[in-house]
Amino acid sequence: MPDSAVEFAPLSAETWPLFERLFGPGGVQGGCWCSFFRLSGPDYKAAGREGRKEHVRAEAQAGKPLGLLGIVDGEPLGWVAVSPRKDNPRLTRSRVMASDEPGAVWSVTCFYIHRRGRRRRLATALLRAAVDYAAEQGAESVEGYPVSDATRSAADLYHGTTGMFTGAGFEVVENRGPARALVRRCVPVAR
């Protein structure tokens, strides 16, 4: 799927219905609603599925940057979570995702591709759009926390793969164990 075939739209109050349609009634991954990194462990657990959904909806309505939808022919088929690192409190406590990079750092924390959008390079297109979006919003660098390119289960791929990130201009900062890495790309700030 070429990048031009995909429309990218930030999650907002206006695009919430598309996000909700993509994530379905369950909110993907046990009702995460892409809130796992945005809430502390106790807050995530206490919120439950509906509380997590309402948390993300409230942030979208408040205009916080959360990520981008990938829309093909009016149908939401993919999602990439990209937002300022500081808005993701779980990252600072993670051995795999911790970083001391100064400045306006944004993080790509996860992808979700609907089965109808898979094997069409939608995740790659979303990653490139996420970098552009972060730069437009003032990011100085964008980080990711991908899994190795070795055969992984579909459940592990929500972080993206190292090859996908390096193919989009990211550099491996550090391998974090045999299967994970911290990657980063410096971006020119849009003016």
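**Notebook: His114, helix 3, cores and cysteines**

I began with His114, which counts as buried at a relative accessibility of 12%. I keep in mind throughout that this is a predicted model. I then looked up where His114 sits, and found it in the loop that runs between strand 4 (105-113) and helix 3 (122-136). Setting aside residues up to four places away in sequence, I find that His114 touches Leu22 and Leu77.

From that loop I went on to helix 3 and checked its length: at 1.5 Å a residue its 15 residues should span 21 Å, and the end C-alpha atoms are 21 Å apart, which agrees. I next asked how many of the residues of helix 3 are buried. The count is 12 of the 15, so I note the helix as largely enclosed by the rest of the structure. Among the buried ones I list Leu122, Leu126, Leu127, Val131 and Tyr133, together with several alanines, including Ala123 and Ala135. After helix 3 comes Gly138, for which I read a positive phi, near 105 degrees.

I turned to the nonpolar cores with a general expectation in mind. In soluble globular proteins, nonpolar side chains tend to be buried together. Here the largest nonpolar core has 29 residues, and the members that touch the most others are Val108, Phe111, Leu127, Phe165 and Phe170. I noted which elements give two or more residues to this core, and they are strand 2 (67-72), strand 3 (75-84), strand 4, helix 3, helix 4 (162-167) and strand 7 (181-186). Helix 3 supplies the largest share, 10 residues.

I followed Phe111 further and, leaving aside neighbours within four places in sequence, found it in contact with a list of residues that includes Trp79, Val80, Ala123, Leu127, Tyr158, Met164 and Phe165. I also recorded a second, separate core of 18 residues, which includes Trp16, Phe23, Val56 and Trp79.

Last, I looked up the cysteines, taking as the cut-off for a disulfide two cysteine sulfur atoms within 2.5 Å. By this rule I count 0 disulfides. Cys32 is in none, since its nearest cysteine sulfur, that of Cys34, lies 5.8 Å away, and I note that Cys32 is buried at a relative accessible area of 12%. Cys34 is likewise in no disulfide, with the sulfur of Cys110 as the nearest cysteine sulfur, 3.1 Å away. I also enter Cys34 as buried, at 12% relative accessibility.

Terms used. Residues numbered from 1 in each chain as written. Predicted model: local features only at pLDDT ≥ 70, side-chain atom pairs only at ≥ 80, totals over all residues. Heavy atoms only, no water. Buried < 20%, exposed > 50% of the residue type's maximum accessible area, 1.4 Å probe, protein only. Helix = DSSP H or I, 4+ residues; strand = E, 2+ residues; numbered from the N terminus. Contact = heavy atoms within 4.5 Å. Expected span 1.5 Å × (residues − 1). Core = buried A, V, L, I, M, F, W, Y, C linked by side-chain atoms within 4.5 Å.
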